[in-house]
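Work through the exercises below with the sequence and the model open side by side. Each task is followed by a solution in steps.

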Amino acid sequence: MSKKIKKILLIIFGLIIAAGAVLGILILVYSKDLPDPASLDSRIVSQSTKIYDRKGTTLLYEIYEGEKRTLVKLEDISPYVIKSALAAEDHRFYEHHGFVLQSMIRAFFKTLQNPQNPQGGSTITQQLARNAFLTLDQTIPRKIKEAILTFQIERNYSKDQIMEMYLNQINFGYNVYGIESASQFYFNKSAKDLSLAEAAYLMAIVNAPGYFSPFGSHRDELEDRKNWILDRMVQLNYFSQEEIEAAKQDLVVFAPLKSQFPAPHFVMYVKELLSEQFSDEELAKGGYTIITTLDVDLQKIAEETVQEYGDYNEKHVGARNMALLAEDPKTGQILAMVGSRDYWNIDQEGNVNATLSIRQPGSSFKPIVYSAAFEKGFYPESVVFDTALDGRVANFSTNPSNPYYVRNYDEKTRGPVTLRQALAQSLNIPSVKVLYLVGVDNAIQMAQRFGITTLIEPASHYGLSLVLGGGGVKLIEMVNAYSVFANDGVSKPQSAILEIRDAQGKVISSYQKEEKQIISSQIARMITDILKDNTSRAPAFGWQSQLYFPDYEVAVKTGTDSEYRDAWTLGYTTSLAAGVWAGNNDRSPVAPTGAPASMVAAPAFHKFMEKSFQLYPPSSFEKPLPYSLESVKTPMVNGQYIVEKQYKNKNTNEIKTVKEVHNILYYLNPQDPQFLNWEIPVLLWAQLNLPNFYQEYNQSLSPEYELIQDENALPEYIYFPITIEIPEDPQNPIKQVNLYCNNIWLSEIQKISPNTFFYLLNSDLLKNNEPNEIKVEVIDNLDQKTEAKITIFKAL
C-alpha cells in the first residue's frame with residue numbers, strides 16, 4: 001500500500017473519529033435535560049390561546065390542548081386508519097429505524113439556509129417525539145433533541161407500539177387529540193368502525209387541522225387532500241383502484257359541532273389567519289391573547305338580521321341562505337361577519353362562510369366599471385343611448401352565429417340616458433356600452449386595484465358580461481371595495497386582528513395603519529353622489545324603496561345575477577360599509593320565476609343599516625367638486641343628441657343644414673365592430689321619437705351640394721327592419737332561422753323574444769325597380785326545413 005493511500009485513509013479515519021466525538025458531545029449535551037421516553041404521559045404544561053372582541057372583554061374562543069382524548073389499543077383502530085397514516089405521513093415506517101436519511105438531509109440543508117424556518121421530513125416516530133415532549137421553539141437544537149428522542153423511542157418500543165402511541169397523540173383540531181376522540185367528534189363512531197373515506201379525511205385534517213377543518217371555508221382543499229391520500233394508497237398497493245374509487249364516491253357526513261361559541265364564522269376566519277402565522281401546536285400551547293376587530297354589539301344586530309330575513313326568504317322566495325359583512329371604511333377593520341343563517345346546522349352547510357365564497361355579483365359590480373369610465377374622462381352627465389332593435393333586447397355580439405343579448409330589468413328601453421341615470425337605475429344596456437368604452441381589460445385592472453382577487457382569467461373569458469356580474473367575486477372583498485368610495489378613493493387593507501400578545505403579555509404584532517389612493521377623491525364622490533341619489537334611482541326602484549333612508553345619506557347598489565342565483569345589496573355611510581348576499585349554497589335559483597336583490601337582499605341591508613346608526617352614526621358625504629358641463633367629453637349632454645350637419649353649394653356657397661341623430665359616433669368610428677349594434681337601434685329610435693328626422697336626414701340635395709368635412713359622417717345607406725313571427729313547438733324547438741335575398745344567404749336571424757325573430761336589411765342589397773325575393777328558412781331541432789317567401793320592390 002502506497003504512502004499516499006495510507007495518508008488518505010488516516011485522514012478519513014481521523015475525520016470519522018472527530019465526527020463521532022462531536023456527535024457524542026452533542027448527544028451528551030442535548031440528552032442531559034431530555035425527558036424519559038419510557039414515560040410518554042409526561043407532558044409540557046401549556047397555556048391556551050384566547051380570542052377576544054375588539055374591546056378585549058368578550059372571550060370569543062379558546063384554543064387549548066389535550067382535554068379531549070381517549071386512548072385505544074392498535075387492534076381497536078380501523079386498519080384503514082393505519083394505512084391512511086402510512087400513506088399520508090410515512091409509508092416507510094415499518095422499514096426504517098426512526099429516520100429516513102434522504103428526507104433528513106434535504107430538510108437539514110433547507111434549515112441551514114433558513115434557520116428561522118426549519119423544514120419537515122419527519123417520520124411518524126419523529127412526530128411522536130416532537131409532539132409528546134418538546135417545546136415550541138423552532139430551532140436546530142430542537143431538531144437535535146428530536147433526533148435523540150426518536151432514537152430512544154425506536155430502541156424502547158416496537159413499531160406497533162409507536163404507531164399506537166402516535167395515533168393516540170396527534171392533534172385533529174378543536175382540542176381533539178387521538179384517533180378515538182377524533183372519530184367520535186367528527187363521525188359519532190368508534191375508531192374501529194371508520195370507513196376508508198372517513199379514515200382518509202381524518203388523516204387529511206392532521207396535516208393542518210385549522211386549515212383543513214371540515215367546518216371552515218376550505219372544504220374543497222380538504223377534499224383534495226383526502227383524495228391525494230386515497231390515490232397514494234393505490235400507488236403503494238394498499239388497495240385496488242376500484243376500492244379507492246368507491247371511497248371517493250362515498251358520501252361522508254360530518255357530525256355537527258357539539259359546543260357553540262359567539263360569532264363562529266368570524267372566529268374560524270381569525271383561526272385561519274392565525275394558522276398562517278403560527279402552527280396549530282403553538283396556538284394550542286403558546287398562551288397567546290388575540291384582540292380582534294369584532295364589535296359584539298354590531299355582530300348581534302347582524303346575526304338577528306340574517307336570522308329574521310333568512311327565515312323570511314326561505315319561506316317566500318326559496319333562498320335558504322344569507323350572509324352579511326360590515327367594516328369600518330376608515331380603517332378596513334371587520335366589525336361584523338355572519339357567513340350563513342346558522343353555523344351549527346351542518347345539514348344545511350351552515351359552517352360554510354358565504355362571505356368568502358365566490359359568487360356572481362350581478363349589477364353590484366357596475367360602480368367599479370363606472371369608476372373606470374370616469375377616470376377615462378366621462379362624467380355623470382355623459383349620455384349613452386338605452387336602445388335596442390325591437391325596443392327591448394339589444395345584441396352586442398359581432399358574431400351573427402353567437403349573439404349576446406342584453407335587456408334591462410323591465411325589458412324596456414329609454415333612449416338617451418345620462419351615466420347617472422344608467423347607474424342609479426341599474427340599466428344593463430347602457431352599462432354594457434360603458435364597459436365597451438372603458439375596455440374589459442381596463443375594468444379588470446380597476447377591480448384588482450379595488451382589491452378584487454378572483455378575476456384571474458383573461459378579458460375574453462368575461463367579455464361584456466363583466467359589468468353585469470359575469471365574473472365571480474367574494475362578499476368580503478366587495479365590501480372592502482365599496483369602502484374605497486366611502487373613504488374618498490382611499491383603500492384600507494382589510495383586517496380582523498388588532499393585536500397579538502404572547503403569554504408574558506408582550507405585544508408581538510398589532511394593527512398597522514396602511515392606505516393607498518385607488519381612485520381620485522373626485523371619482524369616489526361622483527360614484528357616491530349617484531348611489532345616494534334617490535331622485536335618479538326612483539324611476540326604477542320607487543321613491544320609498546328599501547334603498548332609501550329618509551334621514552340619512554346612504555349610498556347603495558343592488559345586484560342580481562342573470563339566473564337569479566345570487567342577490568346582493570352593498571352600500572355605505574361615512575362610518576360603516578356593509579354587504580348582504582342571499583341565495584343557495586348549491587347555486588340553485590331563488591323563487592320559481594326568480595326574485596331580484598331589491599326583494600331578497602335589500603330588506604335585510606336596510607334593517608341592518610338602520611339599526612347600526614345608533615352605534616355608528618353617519619354624517620353627510622362630501623360632494624364632488626364643481627365642474628363645467630363644457631368639460632364633459634361628449635357633446636351629448638342634457639339631451640343634446642341631435643347633431644346638425646352642413647352642406648355647401650359649390651356654385652353659390654349657400655349653406656344648408658341637415659339634422660342627424662348621433663349615438664356614440666364621438667366614441668366609435670363606423671369601422672368599429674360594435675358600430676352597427678349601437679347606431680342602428682338609435683336610428684330606429686329616432687324614427688319613432690323624432691317625426692321629422694328621416695325627412696331631414698333623407699332629403700334630396702342636388703349634386704352641387706357637398707358635405708362640409710365631417711370625419712364622423714353616418715354611412716349613406718338605409719336599413720329596413722324585418723320582423724318575423726314563427727310559432728314554436730315546445731317539443732321540437734327552432735334551431736336556426738336563415739334569411740336569403742335573391743337566393744343569396746345573408747345571415748342567421750336573431751331571436752329577440754319567444755316566437756319573434758328580427759333582422760335589419762341593408763337597402764343596398766336590393767335591386768332597384770325590380771322584384772326582390774326575400775326567403776326565410778326555418779330549421780327545427782330535428783333538422784327539418786320549412787320555407788316562406790315574399791317579393792318586395794325598391795323604388796327610386
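The exercises that follow concern a predicted model.

**Exercise 1. Give the strand order of the open sheet of five strands, and state which strands stand at its edges.**

Step 1. The order is β2-β1-β5-β15-β16, and the pairing is mixed.

Step 2. β2 (59-63) and β16 (507-510) each have a single partner strand, so one side of each lacks a neighbour in the sheet and these two are the edge strands.

Step 3. On average, and with direction ignored, neighbouring strands here are turned by 15° against each other.

Step 4. At the β2 edge, β1 (residues 49-52) and β2 run antiparallel and are joined by four bridges. Within this pair, threonine 49 of β1 lies opposite isoleucine 63 of β2.

Step 5. Helix α11 (residues 264-275) packs on the sheet and touches β1, β2, β5 (289-292) and β15 (497-501). The direction of α11 makes about 45° with that of β2.

**Exercise 2. Identify the residues of the largest nonpolar core that touch the most other members, and the helix that gives the largest share.**

Step 1. Nonpolar side chains in soluble globular proteins tend to be buried together.

Step 2. The largest nonpolar core has 152 residues, and those touching the most other members are Leu167, Tyr174, Ile179, Tyr186 and Tyr572.

Step 3. Helix α8 (residues 196-207) supplies the largest share of this core, ten residues.

Step 4. Take leucine 167 as a case: leaving out residues up to four places away in sequence, its contacts are Leu74, Ile77, Val81, Ile82, Ala85, Gly178 and Ile179.

Step 5. There is also a second, separate core of 35 residues, with Ile301, Val338, Leu576 and Ala601 among them.

**Exercise 3. Classify the packing of α2 and α8 by angle, and give the handedness of the crossing.**

Step 1. The axes of α2 (residues 79-89) and α8 are 9 Å apart, and the packing angle is about 40°.

Step 2. Angles under 35 degrees would count as roughly parallel, and roughly perpendicular runs from 65 to 115. The two helices are therefore oblique to each other.

Step 3. The crossing of α2 past α8 is right-handed.

Step 4. On the α2 side the contact is made by Tyr80, Val81, Ser84, Ala85, Ala88 and Glu89. On the α8 side it is made by Leu196, Ala199, Ala200, Met203 and Val206.

**Exercise 4. How many residues of strand β19 are buried, and which strands pair with β19?**

Step 1. In β19 (residues 566-572), seven of the seven residues are buried, so the strand is largely enclosed by the rest of the structure.

Step 2. Asp566, Trp568, Leu570 and Tyr572 point one way, while Ala567, Thr569 and Gly571 point the other way.

Step 3. β18 (residues 555-560) pairs with β19 in the antiparallel sense over six bridges. Alanine 555 has tyrosine 572 of β19 as its bridge partner.

Step 4. Five residues lie between the strands of the β18 and β19 hairpin, where tyrosine 564 has a positive phi near 60°.

Step 5. β19 and β20 (residues 577-583) also run antiparallel, joined by seven bridges, and a hairpin of four residues connects them. Here glycine 571 has alanine 578 of β20 as its bridge partner.

**Exercise 5. Where is asparagine 237 found, and is this residue buried or exposed?**

Step 1. Asparagine 237 lies in the loop between α9 (219-235) and α10 (241-249).

Step 2. Its phi is positive, near 60°, in a residue other than glycine.

Step 3. The relative accessibility of asparagine 237 is 68%, and exposed means over 50%, so this residue counts as exposed.

Conventions:
Residues numbered from 1 in each chain as written. Predicted model: local features only at pLDDT ≥ 70, side-chain atom pairs only at ≥ 80, totals over all residues. Heavy atoms only, no water. Pairing = 2+ DSSP bridges. Axes fitted to C-alpha atoms, helices over the stretch in contact; angles between N-to-C directions. Contact = heavy atoms within 4.5 Å. Core = buried A, V, L, I, M, F, W, Y, C linked by side-chain atoms within 4.5 Å. Buried < 20%, exposed > 50% of the residue type's maximum accessible area, 1.4 Å probe, protein only. Parallel < 35°, antiparallel > 145°, perpendicular 65-115°, else oblique. Left-handed = near helix turned anticlockwise from the far one by under 90°.
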